[in-house]
Amino acid sequence: MVAAALDAMAGTRWGRWLGLVTAVWVQCISGNNYTFSNYSDALKTLMSLTQLQLNGLSVAKDVGKAFGLLAGLASDRVPTWLLLAIGSLEGLLGYGAQWMVVSRTVAPLPYWQMCVFLCLGGNSTTWMNTAVLVTCIRNFRRSRGPVSGLLKGYVGLSTAIFTDICSALFADDPASFLVMLAVVPAAVCALAMVFLREGPAGGAAGATADEAEDGRCFAAINSLAVAIALYLLAADLTGIGGGGGVVSAVFVAVLLVLLASPGAVPALLAWKSWMKARKAAKADLEEAESLEAAAAPLLVAVKAVGRSEEDEARAPGERPRLGEEHTIAQALTSLDFWLMFASFLMGVGTGLAVMNNLGQMGVAMGYDDVSLFVSMTSIWGFFGRIASGTISEHFIKTRAIPRPLWNAASQVLMAVGYIVMALAMPGSLFIGSVVVGACYGVRLAVTVPTASELFGLKYYGLIYNILILNLPLGSFLFSGLLAGLLYDAEATPVPGGGNTCVGAHCYRLVFLIMAVACVVGFGLDVLLCLRTKRVYSKIHESKKASSSAVAQRVS
C-alpha cells in the first residue's frame with residue numbers, strides 16, 4: 001500500500017519535483033571520486049608508494065566506473081531504489097576499508113587489495129548517477145539540458161562540500177574525511193530510495209502547459225545552487241570555514257540549510273496542487289466542462305508535438321536516423337557515437353589527470369596545502385555544468401545551435417588552461433584549476449543530454465555508462481601512464497621508499513601533451529556539430545511548436 005501511494009505521488013507534478021530534489025541531494029554526495037587528492041598523500045606515505053604506484057590506485061578508483069555497464073544494464077530491469085541501495089553499499093565497503101587503513105585501525109593492506117576497495121568506491125557512484133540521471137531525464141523529457149546541468153552541477157559541488165565540511169569540523173584529517181565518504185552517501189541514498197521514482201511517460205512533468213512553470217522551478221533551484229557555490233567560494237578564499245570553533249560550526253550549519261533549501265520547490269508545488277484541488281471541488285460542473293473545452297485545443301497541440309517527436313517510419317532492417325531510438329548495437333556501429341566517445345575521452349581524460357594529481361602538482365609548485373585547488377576545481381566545475389546545461393538548451397530553442405558546439409568551445413579553453421599551467425607562472429595552478437574544472441564540467445553536462453537526443457531514451461542507461469568508460473580509460477592513459485611515468489622520470493627517490501619531485505619541470509611535458517589532446521578533441525567536436533545540425537533543427541522546431549501551443553492557450 002505504501003509503495004502504491006509513493007508511485008501515485010511520482011505521477012503528480014510535485015512528486016516528480018520532489019524526486020528531482022532528492023536526486024539533487026544524491027548528486028551532492030556522489031562526487032566522492034574526485035576527492036582522491038584530499039587523502040592520496042596519506043596513502044602514499046603510509047604505503048611508501050612511488051608516484052606511478054599512487055596513480056595506479058587512482059586508476060583503480062576510476063576503473064570502478066568501467067563496471068558502470070552493470071548499472072546501465074540494470075537500469076531498465078530493476079527499480080531506482082535498488083540501484084541506489086547497491087551504490088550506497090559499495091561506497092560503504094570501499095571507503096570504509098580505506099578509512100581503516102588511513103586511520104591505522106588495520107595495518108596497510110596489500111596493494112592489490114587497496115586497488116579492489118578503491119574500485120568498489122569508484123563503482124558506487126555509477127549506480128547512484130545512473131539511478132538519478134535516467135529517472136530524472138525520463139521524468140523531464142522536454143527539459144533534458146536543464147536537468148543534466150542541474151544534476152551534474154551538484155556533482156561538481158560535492159567535492160567542495162565534502163572538503164569544506166571536513167576542513168571545518170575535522171581540520172582536514174584524511175581519516176575523518178574517509179568516514180564522511182563512506183557514511184554520508186549511504187544516509188542520503190536511503191532518503192532517495194523513498195522519493196525518487198519514475199513517473200508515467202507523458203504525465204504532468206511532460207505536459208506542454210507546465211513548461212513555463214517548470215522553467216521557473218529550474219531557475220529557482222539553479223539560483224539556490226549558485227548561492228551555495230558562491231558561499232563555498234567565499235569560504236575557501238577567506239578561510240572562514242576552517243580552523244574549528246564556533247565560526248566553523250556556524251559555517252557548516254548555514255551550508256546544510258542552503259543544501260536543504262531546494263526542498264521548498266516541491267513543497268510549494270504540493271501546496272498549490274492542494275489549493276487547486278480544493279478550489280476545483282467547489283467549482284460547478286459547468287465550469288469544469290468549460291475548462292475541459294478550453295483545454296481541448298491545447299491537448300491537440302500537445303499530441304501534434306508528441307507525434308513530431310516520434311520516430312519516422314523505417315523500412316524493415318533500415319538503420320534509424322540520428323535523433324531516433326537506437327538499439328545498443330545500432331549506437332555502437334554509428335560514426336557519430338564514436339566521434340562523441342573520442343572527443344569525450346580527450347576532455348575528461350585530461351581533466352581527471354589534473355584532479356588525480358593535484359596533490360603532487362601542488363607540492364611540485366611549492367604549495368603545502370592543495371585543498372584550495374581541489375575546491376576551486378569543484379566549484380568552477382559546478383559553474384561549467386550548470387551554465388552549459390541551461391545555455392545550450394536556450395540556444396537550441398532560439399537558434400537551433402547543436403549542443404556539441406559547447407563541447408568544442410570547452411576543449412579550446414581547456415587547452416589554454418594546460419598551457420598556462422605548463423608555464424608555471426605565479427598563480428598558474430590556481431588559474432589552471434579554475435579553467436580545467438569549468439571545462440570538465442561543461443563536457444559532462446553537455447554530453448549527457450546529447451547522448452539521449454542523438455540515440456534515444458530507451459537504452460539510455462547503458463549508452464550513458466558506455467560513454468562513462470572514458471573515465472577509467474582516460475584516467476589510465478593520461479593519469480596512470482602519462483602523468484605517472486613522466487613524473488617518475490623527473491623525480492628523485494626518498495629514504496624509506498617512494499619518490500618526490502619539486503619544480504615546474506615535473507609536469508610541464510604532461511601539460512603540453514594534454515593541450516595537444518584537447519586540440520584533437522576540438523576537431524572531433526566540430527565534426528560532430530556539423531553532422532548533428534539536422535537533429536537539432538528538428539528539436540528546435542518541436543520546441544517552437546510547443547511554445548506556440550502555450551501562447552495560444554494563454555491568449
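Here are a few questions and answers about two loop residues and a surface patch in this predicted model.

User: Which residue's side chain makes a polar contact of 2.8 Å with the side chain of N38?
Analyst: Start with where N38 sits: the loop between helix 2 (13–28) and helix 3 (40–47). Setting aside residues up to four places away in sequence, N38 touches P174, F177 and V374, along with the residue you're after. The 2.8 Å side-chain polar contact picks out T163.

User: Is T105 buried or exposed, or does it count as something in between?
Analyst: T105 is in the loop between helix 6 (80–102) and helix 7 (111–139). Buried would take under 20% relative accessible area and exposed over 50%. T105 comes in at 46% relative accessibility, so it counts as partly exposed.

User: And what does the side chain of T105 pair with in a polar contact of 2.7 Å?
Analyst: Leave out the neighbours within four places in sequence, and T105 is in contact with W99 and M100. The polar partner isn't one of that pair, though: the 2.7 Å contact between side chains joins T105 to S103.

User: Which helix gives the most residues to the nonpolar surface patch?
Analyst: The patch covers about 570 Å² and is made by L89, L92, L93, W99, M100, V179 and V183. The elements giving two or more residues to it are helix 6 and helix 9 (174–195). L89, for one, lies in helix 6. With 5 residues, the top contributor is helix 6.

How values were computed
Residues are numbered from 1 along each chain as its sequence is written. This is a predicted model: local features need pLDDT of at least 70, side-chain atom pairs count only at pLDDT 80 or more; totals for chains, interfaces and linings use all residues. Side-chain values use heavy atoms; hydrogens and water are left out. Helices (H or I, at least four residues) and strands (E, at least two) are DSSP runs, numbered from the N terminus. A polar contact is a pair of N or O atoms within 3.5 Å; within protein, one must be able to donate a hydrogen and the other to accept it, and residues adjacent in sequence count only if both atoms are side-chain atoms. Contact means heavy atoms within 4.5 Å. Buried means under 20% relative accessible area, exposed over 50%, partly exposed in between (1.4 Å probe, protein chains only). Patches are made of residues with over 30% relative accessible area and no salt bridge: like charges are joined within 9 Å, nonpolar side chains (Val, Leu, Ile, Met, Phe, Trp, Tyr) within 5 Å. Accessible areas come from the Shrake-Rupley method with a 1.4 Å probe; for residues, only the protein chains shown count as cover. A salt bridge is a side-chain nitrogen of Lys or Arg within 4 Å of a carboxyl oxygen of Asp or Glu.
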